[in-house]
Amino acid sequence: MKVIFLDRDGVVNEFPGNGKYVTKLKNFRFIPGSLDSIRNLTEKGYAIFIISNQAGVAKGVYSMDKLKLINRKMLNGIKESGGKIRKALYCTHRSDEGCSCRKPEIGNVIRALNLVKQKMYSSNNRFFVGDAKSDILTGYRAGCKTILVLTGRAKRRDVGEWGVRPDYIVRNLQEAVKIIINNDVMENKKSNKKIRKRS
Ligand SMILES: [Mg+2]
Ligand SMILES: [Zn+2]
């Protein structure tokens, strides 16, 4: 099964700003094109997971109930446009709590893979798409190809200072999806060649 991990803020919905959170339903707005992108991936058979840090809950900036409401709004919007998210996995801890689910830790990636009975490092067409360094690091550690989108936190020039580089840097989720689908075509060609050689 083909699995894709998406960060939420700055990838699917508008980035709330550095150090800020989406704390109200009305402040959750889809980035233009993100719904089409998710529908597109869904139609191509990808299992899509959202992996998001929401430390604002532990900090008391907004409640778990509010996060759930916002999550429902997101999932409903995606569903109405023909897309499907297998599950949105949130870390609601603060960075000083030392949990295993706050990106760049990969606990939520492992949980997601367990849900679809997949192992780490078992696929060449597994991607992590995010707008921040922690997303790229998470994807890298979990054996995914990584795509940085420029709709959120990070700017192209930031990447030079990172210890790990994204495999791709693109403008938005739509462009990321093109890469993902194209990669899948290439992988299929490769495996077809192998099969032909064998026979
Ligand atoms: Mg983000
Ligand atoms: Zn956590």
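Helices (H or I, at least four residues) and strands (E, at least two) are DSSP runs, numbered from the N terminus. This is a predicted model: local features need pLDDT of at least 70, side-chain atom pairs count only at pLDDT 80 or more, and totals for chains, interfaces and linings use all residues. Residues are numbered from 1 along each chain as its sequence is written, and chains are lettered from A and ligands numbered from 1 in the order in which they are written.

**Exercise 1. Lay out the fold.**

Step 1. Take the elements. The chain has five helices and six strands.

Step 2. Read them along the sequence. The pattern is β-α-β-α-β-α-β-α-β-β-α.

Step 3. Assemble the sheet. Strands pair if DSSP finds at least two bridges between them. The six strands form an open sheet, ordered β3-β2-β1-β4-β5-β6, with parallel pairing. At the edges are β3 and β6 (168-170), each pairing on one side only. From one strand to the next, the twist averages 20° (axes are lines fitted to C-alpha atoms, for helices over the stretch in contact; angles run from 0 to 180 degrees between N-to-C directions).

Step 4. Check one pair. β1 (residues 3-6) runs parallel to β4, and three bridges join them. Here I4 stands opposite F127 in β4.

Step 5. Add a helix. α3 lies across β1, β2 and β3, at about 155° to β3. Contact means C-beta atoms, placed from the backbone, within 7 Å.

**Exercise 2. Find the centre of the nonpolar core.**

Step 1. Set the terms. A residue is buried if 20 or more other C-beta atoms lie within 10 Å of its own, exposed if 12 or fewer, and partly exposed in between; C-beta atoms are placed from the backbone. A nonpolar core is a set of buried Ala, Val, Leu, Ile, Met, Phe, Trp, Tyr and Cys residues joined through C-beta atoms within 7 Å.

Step 2. Pick the best-connected members. The largest core has 45 residues, and I4, F5, L6, I48 and V129 touch the most other members. Strand β2 (residues 47-53) gives the largest share, five residues.

Step 3. Follow L6. Beyond its neighbours within four places in sequence, L6 contacts V11, V12, I48, I50 and V129.

**Exercise 3. Explain two backbone oddities.**

Step 1. Recall the norm. Most residues other than glycine have a negative phi, and most peptide bonds are trans.

Step 2. Inspect P104. The K103 to P104 peptide bond is cis, with omega near 15°. P104 sits in the loop between β3 (87-91) and α3 (107-115).

Step 3. Inspect K117. K117 is not a glycine, yet its phi is positive, about 55°. K117 lies in the loop between α3 and β4 (127-130). K117 counts as exposed because it has 7 C-beta neighbours inside 10 Å.

Terms used: Two residues are in contact if their C-beta atoms, placed from the backbone, lie within 7 Å.
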